[in-house]
Amino acid sequence: MKYCSISEAAAKFNITESTLRYYEKKGLLPLIERDEAGRRLFSEDQISLLETVICLKNTHMPISGIKQYIDWVVEGDKTIELRLEMMRNHKQLVLDEISLMTESLKRIDLKITRYTKRPVPEKI
């Protein structure tokens with residue numbers, strides 16, 4: 001199995017190493033392996049899990065929700081229905097936020113149009 005270091009994992013996702021340490025401390029990256037010197041080793045499975053954590057974080061899921069999801073992943077297939085329900089609910093929240101942002105963007109565009117069509121005041 002191929003592993004990468006914490007610095008490689010951080011670079012891959014354009015996040016800091018301290019963010020990865022924080023995620024591990026909060027239980028979002030369980031079962032991180034370590035080398036003989038105690039350095040974190042990220043397996044392909046851990047990288048995939050990290051990608052999911054970042055996706056959920058980027059879509060504004062709270063850390064507590066991400067932690068619950070990860071706990072269910074660790075529990076295995078018996079929690080698939082719970083995870084599915086969580087993802088459906090989260091998807092709806094994301095869609096609602098996209099809608100709100102789209103409407104807000106229209107208002108911003110109106111302001112830009114207003115300001116760009118306005119005559120420039122003369123300098124005295």
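This passage describes the fold, the surface and selected residues of a single chain in a predicted model.

The chain contains five helices and three strands, and these elements succeed one another along the sequence in the order β-α-α-β-β-α-α-α. The radius of gyration of the chain is 21 Å, whereas a compact globule of 124 residues would be expected to have a value near 14 Å. In keeping with a description along the principal axes, the C-alpha atoms occupy a box of roughly 75 × 40 × 20 Å. Of the contacts in the chain that join residues at least 6 apart in sequence, 50% link residues at least 24 apart.

With respect to solvent accessibility, 30% of the 124 residues of the chain are classed as buried. The accessible surface amounts to about 9300 Å², and carbon and sulfur atoms account for 55% of this area. The charged side chains comprise 21 positive and 19 negative groups, and the centres of these two sets are separated by 10 Å.

Two separations between residues remote in sequence illustrate the distances spanned by the chain. S48, a residue of helix α3, is 76 residues from I124 along the chain, and the C-alpha atoms of the two are 62 Å apart. The relative accessibility of S48 is 40%, a value at which the residue counts as partly exposed. E103 belongs to helix α5, which covers residues 80-117, and its C-alpha atom lies 37 Å from that of R21, with the two positions 82 residues apart in sequence numbering. E103 is likewise assigned to the partly exposed class, with a relative accessible area of 46%.

Among the buried positions, F42 is located in strand β3, formed by residues 40-43, and retains a relative accessible area of 2%. When neighbours within four places in sequence are set aside, the contacts of F42 are with K2, Y3, C4, S5, I6, A9, L20, L29, I32 and I47. Of these partners, A9 falls within the range of helix α1 (6-13) and L20 within that of helix α2 (17-25), while I47 falls within the range 44-58 of helix α3. F42 is therefore classed as buried, its relative accessible area of 2% being under the 20% cut-off. The separation between F42 and D71, which are 29 residues apart in sequence, is 18 Å from C-alpha to C-alpha.

A second buried residue, Q46, is situated in helix α3, which extends over residues 44-58, and has a relative accessible area of 8%. Apart from neighbours within four places in sequence, Q46 makes contact with L29, P30, L31 and I32. L29 and I32 appear in the contact list of Q46 and also in that of F42. L31, another contact of Q46, lies in the loop between α2 and β2, the latter comprising residues 33-34. Although L31 is not a glycine, its phi is positive, at about 65°. L31 has a relative accessible area of 69% and is thus classed as exposed, whereas its contact partner Q46 is buried.

A positive phi is also found at N14, where the angle is about 55° even though the residue is not a glycine. N14 is placed in the loop that connects α1 (6-13) with α2 (17-25). The relative accessible area of N14 is 72%, and the residue is accordingly assigned to the exposed class.

The cysteines were examined for possible covalent links. No disulfides are present in the structure. The sulfur of C4 has its closest cysteine sulfur in C55, at a distance of 19 Å, and because a disulfide requires sulfur atoms within 2.5 Å, this separation is too far for a bond. For C55, in turn, the nearest cysteine sulfur is that of C4, again at 19 Å, and C55 takes part in no disulfide. The two residues also fall into separate accessibility classes, since C4, at 15% relative accessibility, counts as buried, while C55, at 44%, counts as partly exposed. C4 is, in addition, one of the residues in contact with F42.

Note on methods. Residues numbered from 1 in each chain as written. Predicted model: local features only at pLDDT ≥ 70, side-chain atom pairs only at ≥ 80, totals over all residues. Heavy atoms only, no water. Helix = DSSP H or I, 4+ residues; strand = E, 2+ residues; numbered from the N terminus. Rg over C-alpha atoms; globule rule 2.2 N^0.38 Å. Buried < 20%, exposed > 50% of the residue type's maximum accessible area, 1.4 Å probe, protein only. Contact = heavy atoms within 4.5 Å. Areas by Shrake-Rupley, 256 points an atom, 1.4 Å probe, with all protein chains shown as cover. Lys, Arg positive; Asp, Glu negative; His and termini not counted. Charge placed at Lys NZ, Arg CZ, Asp CG, Glu CD.
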